[in-house]
Amino acid sequence: MSTILSLALIFGVTACVSQSKFFDTLDYKKDWEAIQSSLPAYPQPENLLEFDAGPATSMRYFIDAKSINVDEKRVIRYSMVARSPQGANNVSYEALRCETRERKRYATGNSDTKTWARAGISEWQPLEMVAQLQAQRELAKFYFCPRGLVVGSPAEAVRALKAGVHPMAIH
């Protein structure tokens, strides 16, 4: 039994050591002014693509097609608009990491001034651990990270949103 525990400990330590540390290139060690220059333009209605966030919500969710970016570390960044049945919008600039199934919010939008403000909490969060991330889970599962893969380009992400699902999510 002690041999099994020893082997488990060795494999666990080896797995931790072999993983390289992830640094978010958008905001790692940058102040807000530096981050702001990397943010996309505020979402415009003509660029919004609606996606199905599941039956458990009365909100409507949209992604700004012009804001989608897939970086070299395979992080997908995008602007999201969540619209209430009364027409109020919550706007955010976020990212998904398909590999670890995490989400991060960088900024929130001010719909009066059409500007970005630093998000109060901006850290990677597991999609499965936060009940309020249903829309992001659906976005990952059916559009941006089908079957754990990562869309290869903004154009591929836009095609999936326009089609209502990524083709890999249904095969």
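In which sense, and over how many bridges, do β5 and strand β6 (residues 102-110) pair? In this predicted model, β5 and β6 pair in the antiparallel sense over six bridges.

**View 1. The hairpin of β5 and β6.** Four residues lie between the two strands of this hairpin, where Arg-101 takes a positive phi near 55 degrees. Within the pairing, Leu-96 has Arg-103 in β6 as its bridge partner.

**View 2. The hairpin of β4 and β5.** On pairing with β4, β5 again runs in the antiparallel sense, here over nine bridges, and one of the bridge partners is Ala-95 in β5, which is matched with Arg-77. Five residues separate the strands of this hairpin, and Gly-87 in the turn has a positive phi of about 100 degrees. Strand β5 (residues 89-97) is largely enclosed by the rest of the structure, because seven of its nine residues are buried.

**View 3. The largest nonpolar core.** This core has 28 residues, and those with the most contacts inside it are Phe-51, Ile-76, Leu-139 and Phe-144. Two or more residues are given to this core by each of β1 (48-51), β2 (60-64), β4 (75-83), α3 (134-144) and α4 (154-163), with the largest share, five residues, coming from α3.

**View 4. The surroundings of Leu-139.** When residues up to four places away in sequence are not counted, Leu-139 touches Phe-51, Ile-63, Tyr-78, Met-80, Leu-96, Phe-144, Cys-145 and Leu-161.

**View 5. Another nonpolar core.** Apart from the largest core lies another, of 15 residues, which includes Leu-48, Val-91, Tyr-106 and Trp-116.

Methods. Residues numbered from 1 in each chain as written. Predicted model: local features only at pLDDT ≥ 70, side-chain atom pairs only at ≥ 80, totals over all residues. Heavy atoms only, no water. Core = buried A, V, L, I, M, F, W, Y, C linked by side-chain atoms within 4.5 Å. Buried < 20%, exposed > 50% of the residue type's maximum accessible area, 1.4 Å probe, protein only. Contact = heavy atoms within 4.5 Å. Pairing = 2+ DSSP bridges.
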